[in-house]
Amino acid sequence: MTLTRRTLLAALPLLANAATLRHAAAAVTLDGKLTQGGLMIGHVAPNSRVSLDGKAIQVDAEGRFLLGFGRDAAPKAELQITAADGTVTTQTLAIIQRTYQIQRINNLPKNQVEPSADDLKRIKAEQVRIDAARARNTRIAFFAGGFEWPAIGPISGVYGSQRILNGQPRQPHFGVDVAAPLGTPIKAPCGGIVSLADPNLFFTGGTVMFDHGYGLGSLFAHMRKLFVKEGQQLAQGDPIGELGGTGRVTGPHLHWGMYLFKTPLDPALMVPPMPA
């Protein structure tokens, strides 16, 4: 479901009952897609407090906040708004459930499924850096400018799909893949600050991570060239590198992942349909 600058007064299925809806209509607006993998940008009156399923959500001075729903988010979530005067409004959000592609591959050689001890040590060290970049909480709302595709081409991989190799489930695919020729320009889909730039990570090869503000970020993987450095601030459309086939891949493509802190989101929900 898409909520484009509509109050919850117009979104009857999102609330538990009409009485709650009328009470909440002036309290909160939500903009985005209320689905697994979706991001919602919310607004409440300044000095309000927000929580989702009992977890406090940060709210900026303008009353803006972000909600992210992961790949396996439950069908319902409870949103609670506490106004400056102490009035509490509780609303039940209905999260659209999705069906994901599952691929089973058996009889693979062990070295294609299980990394070596040295590789595991490297993977763990790189994950620490990735986690640190995801934990950033820059108080600049770059995301408010919206998103556009960082590269144009056929979509070869979708959010949420998963492979089961020799009976062992792999991590789901947390992003969208764009197939295009080597050297295709990659542009910043939204303004932000470069939180990580490394030409040679184990899984993702040439990798750039962006901080779009308030815990929202992007990850671009398998790049052939990187044009940016950590700490650099970019605007939407600025070049960040060239598409490649580095890291653990079978062919050239761009992997674009998004996350709200530790919650992986679906970038395809943030942008218009891929241009022809």
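In this predicted model, Glu-230 and Arg-129 bring their side chains together in a salt bridge, with N and O 3.7 Å apart. The two partners come from distant parts of the chain: Glu-230 belongs to the loop between β17 (216-226) and β18 (233-234), Arg-129 belongs to helix α2, and 101 residues separate them. Glu-230 has a relative accessibility of 45%, so it counts as partly exposed. Arg-129 is also described as partly exposed, because its relative accessibility is 34%.

Stay with Arg-129 for a moment, since there is another partner to meet. Arg-129 forms a salt bridge with Asp-198 as well, and here the closest N and O atoms are 2.7 Å apart. Arg-129 sits in helix α2 (residues 117-134) while Asp-198 sits in strand β15 (residues 192-201), so this pair ties together parts that lie 69 residues apart in sequence. Is Asp-198 buried or exposed? Its relative accessible area is 14%, and because buried means under 20%, Asp-198 is buried.

These pairs belong to a wider set, as the structure holds nine salt bridges. Another of them joins the side chains of Asp-266 and Arg-98, at 3.0 Å from N to O. This one also links distant parts of the chain, with Asp-266 in the segment after β21 (263-265) and Arg-98 in the loop between β8 and β9 (102-105), 168 residues apart. Asp-266 counts as buried because its relative accessibility is 4%. Arg-98, at 28%, counts as partly exposed. Elsewhere, Asp-60, Glu-62 and Arg-64 are linked in a network of salt bridges.

Now let us turn to a sheet. Which strands make it up, and in what order? Four strands form an open sheet in the order β5-β4-β7-β8, with antiparallel pairing. The edges are taken by β5 (55-57) and β8 (88-94); each has a single partner strand, so one side of each is left without a neighbour in the sheet. From one strand to the next, the twist averages 25 degrees. As background, strands of a sheet pair through backbone hydrogen bonds, either parallel or antiparallel.

You can follow this pairing residue by residue. Strand β4 (residues 49-52) runs antiparallel to β5 and is joined to it by three bridges. Within this part of the sheet, Leu-52 stands opposite Lys-55 in β5.

Ser-51 is a good place to look around from, and its place is in strand β4. With a relative accessibility of 14%, Ser-51 counts as buried. Leaving aside neighbours within four places in sequence, Ser-51 is in contact with Ala-56, Ile-57, Glu-78, Leu-79 and Gln-80. Ala-56 and Ile-57 fall within the span of β5 (55-57), and Glu-78, Leu-79 and Gln-80 fall within β7 (residues 76-82).

Strand β7 is also where Ile-81 lies. Ile-81 counts as buried, because its relative accessibility is 4%. Although Ile-81 and Ser-51 are 30 residues apart along the chain, their C-alpha atoms are separated by 6.8 Å. Beyond the residues within four places in sequence, Ile-81 is in contact with Val-44, Ser-48, Arg-49, Val-50, Thr-87, Val-88 and Thr-89.

Next come the nonpolar cores. Which residues touch the most other members of the largest one? In this core of 33 residues, they are Phe-147, Phe-210, Leu-216, Ile-240 and Trp-256. The elements that give two or more residues to the core are β13, β15, β16 (205-213), β17, β19 (239-243) and β20 (254-260). Of these, β20 gives the most, with four residues. There is also a second, separate core of 17 residues, and its members include Val-50, Leu-52, Phe-65 and Ala-73.

Our last stop is His-173, found in the loop between β12 (168-169) and β13 (176-178). His-173 has a relative accessible area of 18%, so it is buried. A polar atom of the His-173 side chain lies 3.2 Å from the backbone oxygen of Gly-175. Which residues does His-173 touch, not counting those up to four places away in sequence? They are Gly-157, Val-158, Tyr-159, Gly-160, Ser-161 and His-255.

Definitions and conventions
Residues are numbered from 1 along each chain as its sequence is written. This is a predicted model: local features need pLDDT of at least 70, side-chain atom pairs count only at pLDDT 80 or more; totals for chains, interfaces and linings use all residues. Side-chain values use heavy atoms; hydrogens and water are left out. Two strands pair if DSSP finds at least two bridges between them. Axes are lines fitted to C-alpha atoms, for helices over the stretch in contact, and angles run from 0 to 180 degrees between N-to-C directions. A salt bridge is a side-chain nitrogen of Lys or Arg within 4 Å of a carboxyl oxygen of Asp or Glu. Buried means under 20% relative accessible area, exposed over 50%, partly exposed in between (1.4 Å probe, protein chains only). Contact means heavy atoms within 4.5 Å. A polar contact is a pair of N or O atoms within 3.5 Å; within protein, one must be able to donate a hydrogen and the other to accept it, and residues adjacent in sequence count only if both atoms are side-chain atoms. A nonpolar core is a set of buried Ala, Val, Leu, Ile, Met, Phe, Trp, Tyr and Cys residues joined through side-chain atoms within 4.5 Å.
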